[in-house]
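Okay, everyone, thanks for coming. I've got one model to walk through today, so let's put it up on the screen.

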Amino acid sequence: MNWKLFAGASTNVGGGAGGALKAVSGLSTAAASGTVTFGSGIAGTASGAIKLTSGVASNGVSGDLTFSSGVSTGGNGGNVVVSVGSGDVGAGGDIDITSGESTHASADGGSITVTTGASSGANTGAYTVGTANAVAGTS
């Protein structure tokens, strides 16, 4: 069975926006709020993909894709974790980060910026890039 969720469309030539689609967990004032999980099923040969994409604009700016964690007023802020699968026979998965290209003669390509968190009373966040140790071969 296939499911598709669509928000309402707009065909207004004057610039009406299409509908929004939200997935929100339940709130709690005394404990943790609920979890929203998107996943593909288990498969015998290859599991399904999960794709998050913003819309295409025919004249203007395409939509942003934003990942952010929640703010805490009495504790730590939430983490954003990006990880890929391990391979027990084949290679582990890759993480590729690529900024957008421009095909216009006088426009720049996109930038990639990594910034650690600021602190008003202690140290700023650490920035670490490294490779894991190889059991055999080079790391």
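Let me start with a pocket, the second largest one. It has 14 lining residues, and the ones nearest its centre are Leu21, Ala23, Phe38, Lys51 and Leu52. Its volume comes out at about 560 Å³. If you sort that lining by class, you get 9 nonpolar, 2 polar and 3 charged residues.

Before I go on, keep in mind that this is a predicted model.

Now the largest pocket, at about 780 Å³. Its lining includes Leu65, Thr66, Phe67, Ser68 and Ser69, then Gly78 and Asn79, the valines Val80, Val81 and Val82, and also Ile95 and Ile97. The class split here is 7 nonpolar and 5 polar, with no charged residues.

So what about the fold around these pockets? How many helices and strands does the protein have? There are 0 helices and 0 strands. The radius of gyration is 21 Å, well over the 14 Å from the globule rule for 139 residues, so the protein is more spread out than a compact globule. Along the principal axes, the C-alpha trace spans about 60 × 45 × 45 Å.

And burial? Of the 139 residues, 0% count as buried. On the contact side, take the pairs with a separation of 6 or more: residues 24 or more positions apart make up 0% of those contacts.

Last one, the surface. The protein exposes about 13,200 Å², and 51% of that is supplied by carbon and sulfur atoms.

That's my tour, over to you.

Key:
Residues are numbered from 1 along each chain as its sequence is written. This is a predicted model: local features need pLDDT of at least 70, side-chain atom pairs count only at pLDDT 80 or more; totals for chains, interfaces and linings use all residues. Side-chain values use heavy atoms; hydrogens and water are left out. Helices (H or I, at least four residues) and strands (E, at least two) are DSSP runs, numbered from the N terminus. The radius of gyration is taken over C-alpha atoms; the globule rule is 2.2 Å times the number of residues to the power 0.38. Buried means under 20% relative accessible area, exposed over 50%, partly exposed in between (1.4 Å probe, protein chains only). Contact means heavy atoms within 4.5 Å. Accessible areas come from the Shrake-Rupley method with a 1.4 Å probe; for residues, only the protein chains shown count as cover. On a 1 Å grid over the protein atoms alone, a cavity is a set of points where a 1.4 Å probe fits but cannot get out, and a pocket is an open set with protein on both sides within 12 Å along at least five of seven lines; lining residues have an atom within 4 Å of a point. Grid points are joined across faces, edges and corners, and a volume is the space filled by probe spheres set on the points. Ala, Val, Leu, Ile, Met, Phe, Trp, Tyr, Cys and Pro count as nonpolar, Asp, Glu, Lys and Arg as charged, and the others, Gly among them, as polar.
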